[in-house]
There are 2 protein chains.
Amino acid sequence: MQSDLVAALDIGGTKIAAALVDGGGGLLARAQRPTPAREGAEAVMGAVGEVLAELSGSPMWGRVTAVGIGSAGPVDASAGTVSPVNVPGWRAFPLVERVGEAVGGLPVELVGDGVAMTAAEHWLGAARGHDNALCMVVSTGVGGGLVLGGRLHPGPTGNAGHIGHVSVELDGDPCPCGSYGCVERIASGPNIARRALENGWRPGPDGDVSAAAVAAAARTGDRIALASYDRAAQALAAGIAATAVLVEIDIAVIGGGVAGAGDILLAPLRRALHRYATLSFARRLTVAPAVMGADAGLVGAAAVAARRG
Amino acid sequence: MQSDLVAALDIGGTKIAAALVDGGGGLLARAQRPTPAREGAEAVMGAVGEVLAELSGSPMWGRVTAVGIGSAGPVDASAGTVSPVNVPGWRAFPLVERVGEAVGGLPVELVGDGVAMTAAEHWLGAARGHDNALCMVVSTGVGGGLVLGGRLHPGPTGNAGHIGHVSVELDGDPCPCGSYGCVERIASGPNIARRALENGWRPGPDGDVSAAAVAAAARTGDRIALASYDRAAQALAAGIAATAVLVEIDIAVIGGGVAGAGDILLAPLRRALHRYATLSFARRLTVAPAVMGADAGLVGAAAVAARRG
């Protein structure tokens with residue numbers, strides 16, 4: 001029997017997904033539970049235990065050599081703990097130890113969800129072949145991860161690449177993180193919608209006030225909707241440019257629901273990058289949409305466990 | 001005869017310095033010329049040739065195994081060229097090749113001056129023993145470099161850590177680099193002095209309008225002078241915090257003439273870091289003054305050549 005699979009866990013505020021992943025990134029068996037995010041620590045761990053139990057019922061389980069976890073952050077990979085903002089029952093929860101017990105002592109690797117998505121895009125997606133890359137998810141929040149010198153750079157605690165909380169307006173609006181003018185405070189989906197509403201945009205008869213509805217309005221030429229995406233693009237561009245001057249990346253890969261707006265976001269983003277990424281070594285930077293989709297977290301967690309990211 | 005020395009070159013807009021450096025960072029022989037910064041490419045290279053010729057007259061020259069260069073930026077280590085802003089005669093000047101010819105084919109390593117200073121502080125200075133560090137020079141400009149995972153991170157072109165051109169005010173004042181609201185545009189010595197003068201600060205009878213004179217006024221309690229340093233500290237803190245959330249550093253080392261203001265800069269900087277470095281993994285960050293002084297560029301260039309940074 002071959003020993004060539006890893007088990008991957010993707011832990012978010014709404015669902016806990018797991019899969020057996022082969023050496024080519026294929027998902028061979030899957031399990032999923034809603035995250036009991038408002039319950040206590042053991043209830044959430046119970047859901048993790050259930051998806052692992054389901055996977056371990058697979059005849060392929062004996063081939064599993066390691067477990068990779070990508071979790072909503074913050075995480076602390078050095079301590080093996082997680083404290084996801086949207087799962088208040090877990091604070092410094094010893095997830096690596098608990099998962100290790102549940103899988104009979106297999107090695108367990110933990111990274112933040114932005115780092116996991118980055119590992120997937122670098123292994124098999126839009127950042128493949130790029131030695132220095134920033135990958136990001138623009139959605140309800142803004143997260144990310146880095147590839148430096150050809151290798152995933154999770155940082156000592158597994159949180160590196162956390163571009164959503166780079167401040168690009170030092171006198172800007174307070175961010176829930178405690179800082180001011182963070183990229184996420186300007187460019188996340190809820191903030192794109194909030195800004196459009198504040199500036200007078202009104203939803204259609206369906207009452208949809210999501211960032212996707214603002215994007216639809218922008219596609220019809222609505223100026224307020226376009227301006228809200230432009231502002232988000234500026235903040236993202238300033239954050240990407242900051243990353244480029246700090247660590248020299250040659251590509252920024254952008255995924256997540258807000259990136260689904262396509263050129264409504266990407267066209268002003270490319271324009272804004274010319275404004276902020278001006279140094280010779282930062283000007284070569286390109287922007288590409290993510291390609292790994294909803295399974296990026298699982299594939300990336302597998303890549304980390306198999307050291308393929 | 002031992003083969004244990006490297007030759008180091010520190011190339012700036014005002015002087016070209018060189019030294020033979022031993023395995024402990026000791027400078028055993030030195031040479032220096034003013035940079036003929038307003039002359040043509042060959043005149044500047046002539047000055048480099050002179051300092052190398054002077055060093056090669058040393059009886060120790062036969063022990064030299066490699067040459068390290070730290071140069072004012074931008075540099076392109078991948079192409080072996082330099083284009084220092086303050087040396088207009090050098091644009092994409094093939095410095096690595098020309099120095100290689102001058103030293104009979106010894107290996108030559110090139111990095112930016114901020115990266116060289118970082119190598120020195122990591123090898124023998126304030127960042128020693130830190131696996132993840134940002135070192136910066138706050139002076140006429142603002143430069144820097146990174147240590148990641150225990151190793152110098154020059155980036156593919158040798159410019160990584162260029163914190164002076166991180167934008168922390170996306171609608172801020174235009175920076176000579178072409179971007180807006182850069183850390184350097186707010187926190188460099190000339191900008192500290194400019195802001196104080198614009199806000200009504202007046203120099204003493206000696207007419208000194210340098211950042212050091214503003215620091216002296218701040219020490220006597222001058223509110224405008226204090227406010228100008230506070231603003232510089234905020235910009236530096238936002239840039240340092242951005243670095244911490246992007247790559248996870250645990251120390252920021254600050255050198256250069258402006259850092260000579262001591263607590264006039266460092267006290268508000270530490271306060272501002274609490275404001276901007278809020279995520280759990282960024283809060284552990286400390287700030288320390290640089291200790292390697294004026295020889296940091298030479299010691300760091302030697303460290304790079306000897307792969308000790």
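## Helix packing in chain B

In this predicted model, helix H3(B) meets helix H9(B) through two sets of residues. H3(B) supplies B:Asp113, B:Ala116, B:Met117, B:Thr118, B:Ala119, B:Ala120, B:Glu121, B:Trp123 and B:Leu124. H9(B) supplies B:Ala296, B:Gly297, B:Val299, B:Gly300, B:Ala301, B:Ala303 and B:Val304. By class, this contact holds 11 nonpolar, 3 polar and 2 charged residues.

H3 spans residues 113–124 of chain B, and H9 spans residues 296–305 of chain B. Their axes come within 7 Å and cross at roughly 80°. That crossing makes H3(B) roughly perpendicular to H9(B), because angles of 65 to 115 degrees count as roughly perpendicular.

## The interface between chains B and A

Chain B brings 37 residues to its contact with chain A, and chain A brings 37 residues as well. On the side of chain B that touches chain A, the elements giving two or more residues are helix H7 (223–247) and helix H8 (263–276) of chain B. H7(B) gives the most, with 9 residues.

By class, this side of chain B has 19 nonpolar, 15 polar and 3 charged residues.

## Symmetry of the two copies

Two copies of a chain are related by a rotation about an axis and a shift along it. Here, a turn of 180° and a shift of 0.0 Å along the axis lay chain B on chain A with an RMSD of 0.0 Å. That is the relation of a two-fold axis.

The interface fits into this picture. 100% of the interface residues of chain B are also interface residues in chain A, so the copies meet through the same surface.

Note on methods. Residues are numbered from 1 along each chain as its sequence is written. Chains are lettered from A and ligands numbered from 1 in the order in which they are written. This is a predicted model: local features need pLDDT of at least 70, side-chain atom pairs count only at pLDDT 80 or more; totals for chains, interfaces and linings use all residues. Axes are lines fitted to C-alpha atoms, for helices over the stretch in contact, and angles run from 0 to 180 degrees between N-to-C directions. Helices (H or I, at least four residues) and strands (E, at least two) are DSSP runs, numbered from the N terminus. Angles under 35 degrees count as roughly parallel, over 145 as roughly antiparallel, 65 to 115 as roughly perpendicular and the rest as oblique. Two residues are in contact if their C-beta atoms, placed from the backbone, lie within 7 Å. Ala, Val, Leu, Ile, Met, Phe, Trp, Tyr, Cys and Pro count as nonpolar, Asp, Glu, Lys and Arg as charged, and the others, Gly among them, as polar. Copies are superposed by least squares on the C-alpha atoms of residues with pLDDT of at least 70 in both.
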